[in-house]
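Welcome to this short tour. Please open your viewer, get the selection tool ready, and follow along stop by stop.

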Amino acid sequence: MTKVLSAVAWPYANGPRHIGHVAGFGVPSDVFSRYMRMAGHDVLMVSGTDEHGTPILVAADKEGVSAKDLADKNNAVIVQDLVDLGLSYDLFTRTTTGNHYRVVQEMFETVHRNGYMVEKTTLAAISPSTGRTLPDRYIEGTCPICGYGEARGDQCDNCGNQLDPTDLKNPRSKINGEVPEFVETQHFFLDLPALANALGDWLDGREASGTWRPNVIKFSKNILEDIRERAMTRDIDWGIPIPLEGWREQPTKRLYVWFDAVIGYLSASIEWARRLGEPERWREWWNPAAEGEEPPLSYYFMGKDNITFHSQIWPAELLAYDGKGERGGAPGTFGLLELPTEVVSSEFMTMESRQFSTSRGHVILVGDMLSRYQPDALRYFISAAGPETSDSDFTWSDFVQRTNSELVAGWGNLVNRTATMIAKNFGEVPAAGPLEPVDQTVLDTVGAGFESVGDLIRRHRQRAAIAEAMRIVGEVNKYLTATEPYKMKDPDQRERLGTVLHVAAQCVLDCNTLLAPFLPFSSNQVWSAYGGKGEFMPMPRIEHVEDLDPDDGAGLGVYPIITGEYSSTPSWERRPVVVGTPVAKPTPIFTKLDPSVVEEERARLAGE
RNA sequence: GGGGCGGUAGCUCAGUCGGUCAGAGCAGAGGACUCAUAAUCCUUGGGUCGUGGGUUCGAGCCCCACCCGCCCUACCA
C-alpha cells in the first residue's frame with residue numbers, strides 16, 4: 001500500500017466554474033484517485049477554492065460586495081458543483097481558513113529564514129483611488145513601438161513586443177479608467193536563481209522517470225532556462241499578511257496569491273489530519289518515508305496554464321523550505337517536504353470550436369450542465385474525449401452522440417438486457433453449469449481488463465483506458481449474440497441458459513468495476529440492479545464545519561467542506577457473483593438524449 | 001518577437017525506435033437477430049497522412065522552409 005497524494009488544482013472563486021475547468025482538473029483527478037483507492041493505495045485527495053488576489057477584488061467591486069462575501073458565495077456554488085459531479089475529495093477547503101493562513105506563514109517564515117526570500121524595491125503601478133497594485137494585465141495604453149491604442153502593460157497584442165507598463169503612452173486602468181501612479185514599493189522576491197540547480201536536478205530526475213507527459217516536462221525544462229526572481233508579495237489588502245516585523249501590520253502588503261494558493265495542498269492535508277483528530281497524519285504523504293518504507297507519491301492535476309506554478313514555483317517553494325538551494329538552510333516545523341512525483345497537466349477544452357468565455361456567454365456552467373444531464377454522462381464525455389494531451393472540443397452533437405451510442409446503447413443496454421433475461425428466467429443470479437470455451441474466453445477477456453485498464457489509468461491515459469473498458473463491454477455484447485441465451489426456451493437448455501446468464505452477470509459486474517472510477521454514480525445503480533447491498537462506490541458529501549483557527553483566517557466562521565468516507569471502496573478485481581442474488585427487471589440506468597437537445601443547447605448559448 | 005503543441009477517412013482521434021502504418025471509434029450503406037432504451041451482432045473505410053523541398057534503399061514518423069489553428073510569455077489564479 002502506497003501513500004498517494006492527489007493534489008487537485010484549486011478553482012478560483014471569482015465566479016462559478018464551467019465544464020472546461022472540471023475537464024482539466026476535476027474529472028481526471030477523480031478517476032485517478034478512485035482507481036488508486038481501488039488498487040489498494042492510501043489516497044489523500046485535497047483541494048479547495050482559491051480566494052485571494054486581484055481578480056476577486058475586481059469582481060467583488062463590480063458587484064458592490066466585499067471580497068470575502070464574494071468568495072463565500074462562489075465557494076458555496078463551486079462546492080455544490082463538485083459534489084454533484086461526484087469528485088471524491090478527502091478534503092475540499094478554502095484558502096481563507098485560519099489553518100491555511102498559519103501554514104502559509106510558516107512556509108514564508110522558513111523560506112525567508114533560509115535566505116530565499118529577498119527584499120527589493122521596485123516601481124509598481126498603483127491605482128490612486130484604491131492604493132492597490134494594478135497588475136500589468138490591467139493596464140492598457142498606446143504601444144510605444146507600433147502605436148497600437150490598446151496595448152496591455154505586459155505585452156502589445158498588436159505587434160507582440162513585450163512591454164513594461166512604464167513604457168506605455170497614455171496608460172490607464174482597465175478596471176476604472178484612471179491613470180495609474182508609478183510608485184516605489186518594497187516587495188519580497190523568491191530567489192529562483194538560487195534554486196535553479198536544485199530545480200533542474202529534480203526535473204532531470206522526473207524526466208528520467210519517463211512518466212511525465214512530454215509537453216509538460218519539455219515546457220517545464222524550457223522555462224527553467226530563463227529563470228528570474230519573482231515577487232511573492234503585493235500591494236493589496238486582500239490576502240495573507242506577511243509574517244514579519246514591520247510588514248504584518250501594513251494593511252496593504254499581502255502575500256502574492258500564487259504563493260499561498262499552491263501551499264493549499266499542504267495546508268489542506270494538515271487540515272484534513274486535524275479534523276480527523278490525528279494532527280500528524282498528513283506527514284505520511286509529505287515527509288520522506290522511513291528506512292525500508294515505501295516513499296509517498298504525489299500527483300498534481302491542473303490545466304496547462306498552471307504548469308509554471310506546479311513545476312517551478314511550488315517545487316521552488318518546497319526546496320527553499322527544505323533548505324536545498326544554493327543558500328542552504330534547514331526545514332521548519334513541517335520537516336523535509338517531498339516534491340511532486342508527477343505534474344499531470346491537461347490541455348484546454350473548447351466549446352463548439354471556440355474558447356469558453358464567461359463574459360461573452362459562450363460557456364456551459366457546471367451547475368447548468370448537471371441540472372439537465374446525468375453527471376456520469378458528463379464524466380463519460382470528459383474521460384473519453386477530454387483535453388488529455390491536446391486541446392479538445394466539446395460540441396453538443398458529440399455529447400449527444402457519445403451518450404446515446406456509447407453509454408446508452410453500448411454499456412447501458414448490456415446491463416439492461418442481461419438483467420432482464422435473468423429476471424425473466426430465474427429472478428435471481430443462476431448457478432453455472434460446466435463452462436464451454438466461449439464462456440471461459442469471455443471471462444478471460446473481461447478479467448484481463450483489470451490489468452489493461454488499470455495500467456492505462458496509472459499512466460494517465462484515461463481516454464485510452466475508458467475506450468479499452470468500452471471495447472470489453474462490446475466483447476460481452478458479442479458473447480450474448482454468440483450464445484443466444486434468448487433462444488433457450490426448451491427445458492433441456494435450462495442449465496445452459498443459467499450458465500450463460502451467470503457468466504454474463506459476472507462480466508457485467510466486472511465491467512461495472514472497470515468503469516466505476518469513471519462512472520461512480522451509475523456503478524452504484526448497476527450494483528444494486530444486480531442485487532448488491534449498499535453503495536458500491538463511496539460518494540463525497542458536504543459538511544459544514546467551524547474554522548479550526550478562527551483568529552487567523554479571513555473570519556470564515558462556519559464554512560462548507562467536501563469530504564467523504566472512502567475506506568469501503570471496492571478493490572480492483574473480480575468479485576464473484578453470488579448465486580441466488582435476486583435480480584429484477586431494471587429501469588434503464590442511462591437517459592437517452594433526444595437529438596433536439598443539440599439545437600436547444602445551441603439556442604441557449606446564442607440567447608445568452 | 002520568443003517558446004511550446006497540433007494540422008492523418010464526413011466527425012473525434014491512435015499511430016512507441018523510419019520499413020504490412022495507412023488504422024480505431026462514431027456517423028453513413030447493406031445484412032442478421034429480437035433478450036434489450038429501434039438497443040445488439042456481422043459486412044462495408046482507398047483518405048495528396050497541412051504545403052513545398054531535402055536526407056534515406058525506404059518517411060505521417062528525421063531535416064529545412066512556408067501556411068493554418070491553439071497555448072504560454074513569468075505582476076492574469
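Over how many bridges do strand E8 and E9 pair, and in which sense? Keep in mind that you are looking at a predicted model, then select residues 181–190 to light up strand E8. E8 and E9 pair over 2 bridges, in the antiparallel sense. For one spot to zoom in on, pick Leu-190, which stands opposite Arg-230 in E9.

Now widen the view to the whole sheet. This open sheet has 3 strands in the order E4-E8-E9, with antiparallel pairing. Select strand E4 (117–126) and strand E9 (230–231) to see the edge strands, each of which pairs on one side only. Strands of a sheet pair through backbone hydrogen bonds.

Next stop: the second largest pocket, with about 550 Å³ of space. Which residues should you select to find its centre? Try Asp-90, Trp-272, Gly-564, Glu-565 and Tyr-566, the closest to the centre among the 26 residues that line this pocket. Then colour the elements that each supply at least two lining residues, including helix H1 (19–38), helix H7 (257–276) and strand E17 (558–563). Coloured by class, the lining shows 11 nonpolar, 6 polar and 9 charged residues.

For the last stop, select Cys-507 and Cys-511. The structure holds 0 disulfides. Why do these two cysteines not form one? The sulfur of Cys-511 is the nearest cysteine sulfur to that of Cys-507, yet it is 6.6 Å away, while a disulfide needs sulfur atoms within 2.5 Å. Are they buried or exposed? Cys-507 is buried, at 0% relative accessibility, and Cys-511 is buried with a relative accessible area of 1%.

Conventions:
Residues are numbered from 1 along each chain as its sequence is written. Chains are lettered from A and ligands numbered from 1 in the order in which they are written. This is a predicted model: local features need pLDDT of at least 70, side-chain atom pairs count only at pLDDT 80 or more; totals for chains, interfaces and linings use all residues. Side-chain values use heavy atoms; hydrogens and water are left out. On a 1 Å grid over the protein atoms alone, a cavity is a set of points where a 1.4 Å probe fits but cannot get out, and a pocket is an open set with protein on both sides within 12 Å along at least five of seven lines; lining residues have an atom within 4 Å of a point. Grid points are joined across faces, edges and corners, and a volume is the space filled by probe spheres set on the points. Helices (H or I, at least four residues) and strands (E, at least two) are DSSP runs, numbered from the N terminus. Ala, Val, Leu, Ile, Met, Phe, Trp, Tyr, Cys and Pro count as nonpolar, Asp, Glu, Lys and Arg as charged, and the others, Gly among them, as polar. Two strands pair if DSSP finds at least two bridges between them. Buried means under 20% relative accessible area, exposed over 50%, partly exposed in between (1.4 Å probe, protein chains only).
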